[in-house]
Amino acid sequence: MRLEMSQAMLCKLKGFNLTGVVPVEFRNLIQLREILTEMKHLAWCSDLSRNYLNGSIPGSLAELPNLQSLSLLANRLSGSIPREFGSMATLTSLVLEDNLLGGSLPPELGNLKTLERLLLSANNFSGTIPDTFGNLTSLTDFRIDGSELSGKIPEFIGNWTNITTLDFQGTSMEGPIPSTISLLKKLQTLRISDLRGSGSTFPDLKDMTAMEKLILRNCSMTGSIPEDLGKMTVLDTLDLSFNKLTGTIPGILGSLTKIKFMFLNNNFLTGDVPVWILESRKDLDLSYNNFTGSAQPSCQQLSVNLVSSHVSTGNNKISWCLNKDLVCTRKPQHHSLFINCGGSSEIVGGNEYEDDTTPGGAAEFASLSERWGYSSTGTYIGNDNGAYRATNSFGLNVTGEGFYQTARLAPQSLKYYGLCMLAGSYKVQLHFAEIMFSNNQSFSSLGRRIFDISIQGKVVEENFNIMEEAKGVGIGITKVYDGIIVNGSTLQIHLYWSGKGTTAIPDRGVYGPLISAITVTPNFKVDNGGGLSVGAITGIVVASSVLATLVLLVLWKKGFLGGKDLEDKAFLSHLYQAYVLQEQGNLLELVDPGLGSDYSKIEAMRMLNLALLCTNPSPTLRPLMSSAVRMLEGQIPVQAPIIKRSGMNPDARFKAFELLSHDSQTHVSNGSQSSRIQKSMSMDGPWIDSEISIESKDEITNSSSNKLLGDLYDVNIV
């Protein structure tokens, strides 16, 4: 039976979910070969893209004498490109992107003198680009990104003087970038990334005034950024990241009014960050450089990412997040990390995986109370409005924990930081599930997301493919990396896209690093802060209860509880048991000795000192409940008073303590004794030091910071 089809239908079979091999049975009605036979007479183009065709490409397609355009984009085709294609004299466009094609590129394609578009991205081609390709002088668009091609970028690309788009991202090719690239004056889009081998200086691009998108990422380029880039008046994307560029940022770049994205991160740029960048509303990333000028105090500088962009000279004042090493501003205390990347807070295995639902962006840094943060860099190819958080858009039956339903992603670079971490060895668990591809027999299931993973600067996974590792989509997996060492106070997890994999399945801009959750736990017994076992908490609470009795005693002294016939010395015995141990630096002796060393000393000291603070005889020196909670959580330091003993007898000391029990606003005069109480507190920031001084005819001591507990103020009992 002959299938009657219009020329338009014959030309376009895009997205019909065709399955099988080529030739293939089409909807069980007719062989595709018969359709192609009709094309011999009627068709000038054939679009079989975005189907589910597998097998190899038949060389018989070259028998279509009138064929001008052939697109097999986004199928499952394997094997090599038929050498017969070199005889398709009328062919102007050949699109084979996003397949599984491999082998070497056939030299015969160099015979296609009329060929204008040759798109071979996201395949598995190997070897070098044949010299015959230098004959393709009609080319306007050549893309070979995401393949395994090796060798150098050929000098003959200088013959392609009509080319407007050139893409060499993510190959295994070597630098330097050939000098003949300067002849390509019509270029509008140039993408070269992740070159191997020796570095090169910045190529001569001064005549490329039509350039709109310039990406020269990770090409080992040295030297300074050329002033000539200021002539690219229609430039909207500039990516020079992950190179070795030095010097200052040329001021002329500020005149690029069309610019939307600028990535200069991970270089060795110096000097001041230009004011026009700090005031910009564009997506600009200057992170990981060597700027030395004073920077704005904010760690969230609008849409400009400045994380780890400065080096301290001793004269410049910079915020912690701008410091090259992300130096902790306080004593490191964190030893674990649970993040639901891209999702809301969720309890899993008894641990709370923290909310991470900020929208993200092309040049984004976000942090949570110097505990953890992330840095996101890059814009998606073909989709400037791509998302930086992912959800289960295909309704997959996702296996595993709830945090696999969402994810954070980035087109180029995604870094997570554990901040103010205790030094030591850690177990890092990274959780992944591919939720942006379908699991049916359609082109939307054919995506390949590939990226690299580094921890503490060391590559632990190269060309990592979530779906391949999990053996399917919607399947949660965990990668475990043990023995990760934190020497300073920062743990860094870096996910990086090196140009591999597909970029247009199911839509343009679906690619790059994706992660569902992060788990970090210590390999050491926590002795410097952090969570406690039930037994440890019990022991510390018992010790704290000794101090808590002081509350009742103070209330009793004020007459609120009655029974004032208790012996004064009994009160003093309970009171100075704690304060003597504190002054001697032995407050931990109050902890139940049965615990041994199985508890956090910093956590214990925090609870004990907070008990001292909350039972202060002067009500104005006790913290508000909100401050007490923040102290208990370790968000602000506990500033318990230190009671200094004198040589006076207990009765005199008791009188002094009784003096403290009056409200701080009441002035008491008793012979030569006087008191002064001052207090200052901030609701938004850390609890600010309060100060008490009591003068006596026997001893006069001014308030000062005690060396035993750092910021803690002194209370002198005379």
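**Notebook: sheets, cores and confidence**

I began with an open sheet of 3 strands, in which the order is β29-β30-β37 and the pairing is antiparallel. I noted that β29 (389-391) and β37 (514-515) are the edge strands, each with a single partner strand, so one side of each has no neighbour in the sheet. Looking up the β29 pairing, I found 3 bridges that join β29 to β30 (residues 406-409), the two running antiparallel. Within this pairing, A390 stands opposite A407 of β30.

Before going further I reminded myself that this is a predicted model, and I looked up its confidence. The chain has an average pLDDT of 80, with 72% of the residues scoring at least 70. Over residues 24-33, however, the pLDDT is below 50, although the model gives this stretch 20 contacts beyond near neighbours in sequence. For residues 528-543 the pLDDT also stays under 50, and there the model has 39 contacts beyond four places in sequence. I leave the contacts of both stretches uninterpreted, because predicted coordinates should not be read in detail where pLDDT is low.

Next I turned to an open sheet of 4 strands, which has parallel pairing and the order β15-β17-β19-β21. Here β15 (200-201) and β21 are at the edges with a single partner strand each, so one side of each is left without a neighbour in the sheet. I then followed the pairings of β19 one by one. Strand β17 (residues 221-224) runs parallel to β19 (residues 244-247), and 3 bridges join them. Among the bridge partners, T222 is matched with K244 in β19, while G223 is matched with L245, likewise in β19. Towards β21 (residues 268-269), β19 has 2 bridges, again in a parallel arrangement, and there G247 has L269 of β21 as its bridge partner.

My last search was for nonpolar cores. The largest has 85 residues, and F142 and W160 are those with the most contacts inside it. I recorded that β13 (165-168), β14 (189-193), β16 (213-217) and α3 (275-278) each contribute at least two residues to this core. Which residues does F142 touch, leaving aside those up to four places away in sequence? I listed L118, I129, F133, W160, I163, T165, L166, D167 and F168 as the residues that F142 touches. A second, separate core has 58 residues, including C341, W372, Y380 and L514. As general background for this entry, I added that nonpolar side chains tend to be buried together in soluble globular proteins.

Key: Residues numbered from 1 in each chain as written. Heavy atoms only, no water. Pairing = 2+ DSSP bridges. pLDDT = per-residue confidence, 0-100. Contact = heavy atoms within 4.5 Å. Core = buried A, V, L, I, M, F, W, Y, C linked by side-chain atoms within 4.5 Å. Buried < 20%, exposed > 50% of the residue type's maximum accessible area, 1.4 Å probe, protein only.
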